[in-house]
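Dear colleague,

I am handing over the structure we spoke about, and below it you will find my notes on what turned up when I went through it. Please read them with the coordinates open beside you.

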Amino acid sequence: MNKLLSIVCGLLLVISNSSVPATAATSSSSCNNTLKLVKNSLSGVVTFKTRALGNEGQPRGRSKALDITFKNDSDRVFPTESTRRSITTRVIKNCTQIALVSFGVYQTDGGSAYGLKNGRIIQFACREPGEGRKLVWGEVYCP
């Protein structure tokens with residue numbers, strides 16, 4: 001099932017080319033439906049929740065992030081890079097307040113984050129805490 005999900009999500013990624021059109025869905029019911037479908041399509045989810053963002057430079061009008069944490073069995077349940085990117089694209093297209101989707105592995109340092117920057121979905125760069133500068137939009141602290 002995970003293999004099939006990865007293939008389908010990969011195809012969606014190719015079709016969408018990771019761009020987010022200016023006419024993204026604005027309906028909260030569309031967002032809620034998308035979040036339910038995404039959550040139900042994933043196995044091994046420990047947490048699936050939105051949180052407020054407060055980052056300098058985040059896309060205007062997008063004030064939330066979605067955090068998804070998976071069981072500490074990453075070989076079997078953690079989605080592939082193409083699946084994570086596809087999920088992020090789908091969520092950001094249908095949830096006009098969400099600008100970032102983070103994927104983590106429960107009780108580990110593993111994870112990654114993807115978000116909207118300049119109208120495109122990108123994988124956020126990992127920066128070590130204590131480098132002497134603030135994060136900019138498109139960066140996250142390394143787990």
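To begin with helix H2, Lys36 and Asn40 are exposed on one side of it, while the buried residues of H2 are Ser30, Cys31, Thr34, Leu35 and Val38. These buried residues lie on the same side of H2, because the arc that they cover around the axis is only 135 degrees. Please keep in mind throughout that this is a predicted model.

As for what that buried side meets, the buried residues of H2 pack against strand S1 (45-52), strand S2 (64-70), H4 and S3. The helix itself has 14 residues and reaches 20 Å from its first C-alpha to its last, which is close to the 20 Å expected at 1.5 Å a residue.

The next topic is the disulfides, of which a search of the whole structure finds two. Counting the bonded cysteines along the chain, they follow the pattern 1-2, 3-4.

One of the two disulfides joins Cys31 to Cys95, with an S to S distance of 2.1 Å, and the link of Cys31 and Cys95 is right-handed, with 100 degrees about the S-S bond. Since Cys31 lies in helix H2 (residues 28-41) and Cys95 in the loop between H4 and strand S3 (98-105), the pair ties together parts that are 64 residues apart in sequence. Both Cys31 and Cys95 are buried.

The other disulfide is formed by Cys126 and Cys142, whose sulfur atoms are 1.6 Å apart. Here Cys126 lies in strand S6 (residues 125-127) and Cys142 in the segment after strand S7 (139-141), so this pair ties together parts that are 16 residues apart in sequence. As to burial, Cys126 counts as partly exposed because its relative accessibility is 40%, whereas Cys142, with a relative accessible area of 15%, is buried.

Helix H4 (residues 81-94) also holds Thr83, which counts as buried because its relative accessibility is 2%. The side chain of Thr83 is joined to that of Thr80 by a polar contact of 2.9 Å.

Finally, there are the aromatic rings. How many aromatic pairs does a search of the whole structure find? The search finds three, and I describe two of them here, beginning with the pair of Phe70 and Phe78, which is edge-to-face because the planes of the rings are at 85 degrees, their centres being 5.6 Å apart. Phe70 is buried, with a relative accessible area of 0%.

Phe103 and Tyr114 form an aromatic pair that is likewise edge-to-face, at 6.0 Å centre to centre and with 80 degrees between the planes. Phe103 lies in strand S3 and Tyr114 in strand S4 (residues 111-117), so the pair ties together parts that are eleven residues apart in sequence. Both rings belong to residues that are buried: Phe103 counts as such at 2% relative accessibility, and Tyr114 has a relative accessible area of 0%.

If you would like somewhere to start, I suggest the link of Cys31 and Cys95, where a buried residue of H2 takes part in a disulfide.

With best wishes

Methods
Residues are numbered from 1 along each chain as its sequence is written. This is a predicted model: local features need pLDDT of at least 70, side-chain atom pairs count only at pLDDT 80 or more; totals for chains, interfaces and linings use all residues. Side-chain values use heavy atoms; hydrogens and water are left out. Helices (H or I, at least four residues) and strands (E, at least two) are DSSP runs, numbered from the N terminus. Buried means under 20% relative accessible area, exposed over 50%, partly exposed in between (1.4 Å probe, protein chains only). A polar contact is a pair of N or O atoms within 3.5 Å; within protein, one must be able to donate a hydrogen and the other to accept it, and residues adjacent in sequence count only if both atoms are side-chain atoms. A disulfide is a pair of cysteine sulfur atoms within 2.5 Å. The expected span of a helix is 1.5 Å times one less than its number of residues. The arc is that of the directions from the helix axis to the C-beta atoms. Contact means heavy atoms within 4.5 Å. Rings of Phe, Tyr and Trp (its six-membered ring) pair if their centres lie within 6.5 Å; planes under 30 degrees apart count as stacked, over 60 as edge-to-face and the rest as tilted.
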